[in-house]
Amino acid sequence: MYYNQSFPPYSMMSPSFPSNNQYIIKVSGEGSIPTTPDRAIIVLGAITESPNISTAQKENAETMSNIINSLMELGIPRENLKTVEYRIDIQYDYEDGKQTFRGYKVTYLLQITIDKIDQTGLVIDTAVKNGANSVSDIKFTVAHPNVYYNQALSLAIKNAEQKAVTIAKTLGATLHQVPNQVQEVSATSEPVPYQTALYAKSVATPIQPGQLEISAKITAEYSYYQ
């Protein structure tokens, strides 16, 4: 996931080996790789209300069964469907300071992982046609983030090395280009969220996943000599 961390500029430490005139530079490095998402993650479902709890549960179960069956008919495997919320709430009306029982609300939310991102709009439309009345979350990501993260990590290491070289050159010193230490700070591949409010305004549910940026950050320690 993304970490919005900022790092202080390089710091100089006291000589580790004064007899050899060896000093330490600490630097940070960052790298990022833009990529096009190839996977969508949607959370949608059905909310039903009734004065009778059994009726609310039955209607909800029937609606969700229709939704799940329709999605599987699109070719989405069952293992890509996961229940993320099931809740029963008591509903009340409030008038003149009095609380009056209104009924029950049943909420069932399903997380759908779509490996064919061009089906995202179709999946939403199909679910809505079969009774879904809640689309609470839509995000875009990649199926194999480590491939891109490793590239970003390589760029982060090169970025740190460039900083160390610049610092040493400015000081008129000789840099030992193999770092004494490299530490990975964070892995970031947070899915890109989509503005779900737009779906209510669209007829064909157009999908524009945009770009996802996968980033890496490291800190490194180099020796230099005067």
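**Figure 1. Overview of the predicted chain.** From the N terminus on, the elements run β-β-β-α-β-β-α-β-α-β-β-β. This is a predicted model. The chain has three helices and nine strands. Of its 226 residues, 36% count as buried. Contacts often join parts that lie far apart in sequence: among contacts with a separation of 6 or more, 80% are between residues 24 or more positions apart. The accessible surface of the chain comes to about 13200 Å². Carbon and sulfur atoms account for 50% of that surface.

**Figure 2. A nonpolar patch on the surface.** Four residues make this patch: Ile90, Tyr92, Tyr94 and Phe101. Together they form a nonpolar surface patch of about 420 Å². Which strand gives the largest share of the patch? Strand S4, residues 81-95, supplies three residues. Ile90 is a residue of strand S4. Its relative accessibility is 44%, so Ile90 counts as partly exposed.

**Figure 3. A salt-bridge network: Glu85, Arg87 and Asp89.** Side chains of opposite charge can pair when their charged atoms come close. Here, salt bridges link Glu85, Arg87 and Asp89 in a network. Arg87 pairs with Glu85, and the closest N and O atoms are 1.9 Å apart. Arg87 also meets Asp89 in a salt bridge, at 2.7 Å from N to O. Are these residues buried or partly exposed? Glu85 is partly exposed, with a relative accessible area of 26%. Arg87 is partly exposed too, at 32%. Asp89 has a relative accessible area of 22%, and this value makes Asp89 partly exposed, because the buried class means under 20%.

**Figure 4. A salt bridge between distant parts of the chain.** Arg39 forms a salt bridge with Asp115. The closest N and O atoms of this pair are 3.1 Å apart. The two partners are 76 residues apart, and the pair links distant parts of the chain. Arg39 lies in strand S3, residues 39-50. Asp115 lies in the loop between S5 and helix H2, which covers residues 120-129. Arg39 has a relative accessible area of 25%, so Arg39 is partly exposed. Asp115 is also partly exposed, at 43% relative accessibility. How many salt bridges are counted in total? The count comes to four.

**Figure 5. Thr107, a buried residue of strand S5.** Strand S5 runs over residues 98-114, and Thr107 lies in this strand. Why is Thr107 classed as buried? Its relative accessible area is 4%, and buried means under 20%. Which residues does Thr107 touch, not counting those up to four places away in sequence? The list is Ala46, Ile47, Asn60, Glu85, Tyr86 and Arg87. Two of these names, Glu85 and Arg87, also form a salt bridge with each other.

**Figure 6. Ile218, a buried residue of strand S9.** Ile218 is found in strand S9, residues 212-225. Its relative accessible area is 2%, so Ile218 is buried. How far apart are the C-alpha atoms of Ile218 and Glu30? They are separated by 6.6 Å, although the residues are 188 residues apart along the chain. Leaving out residues up to four places away in sequence, the residues that Ile218 touches include Val27, Ser28 and Gly29. Leu153, Ala156, Ile157 and Ala160 are also among them. So are Val182, Gln183, Glu184 and Val185.

Key
Residues numbered from 1 in each chain as written. Predicted model: local features only at pLDDT ≥ 70, side-chain atom pairs only at ≥ 80, totals over all residues. Heavy atoms only, no water. Patch = residues over 30% accessible without salt bridge, like charges linked within 9 Å, V, L, I, M, F, W, Y side chains within 5 Å. Areas by Shrake-Rupley, 256 points an atom, 1.4 Å probe, with all protein chains shown as cover. Salt bridge = Lys/Arg side-chain N within 4 Å of Asp/Glu carboxyl O. Helix = DSSP H or I, 4+ residues; strand = E, 2+ residues; numbered from the N terminus. Buried < 20%, exposed > 50% of the residue type's maximum accessible area, 1.4 Å probe, protein only. Contact = heavy atoms within 4.5 Å.
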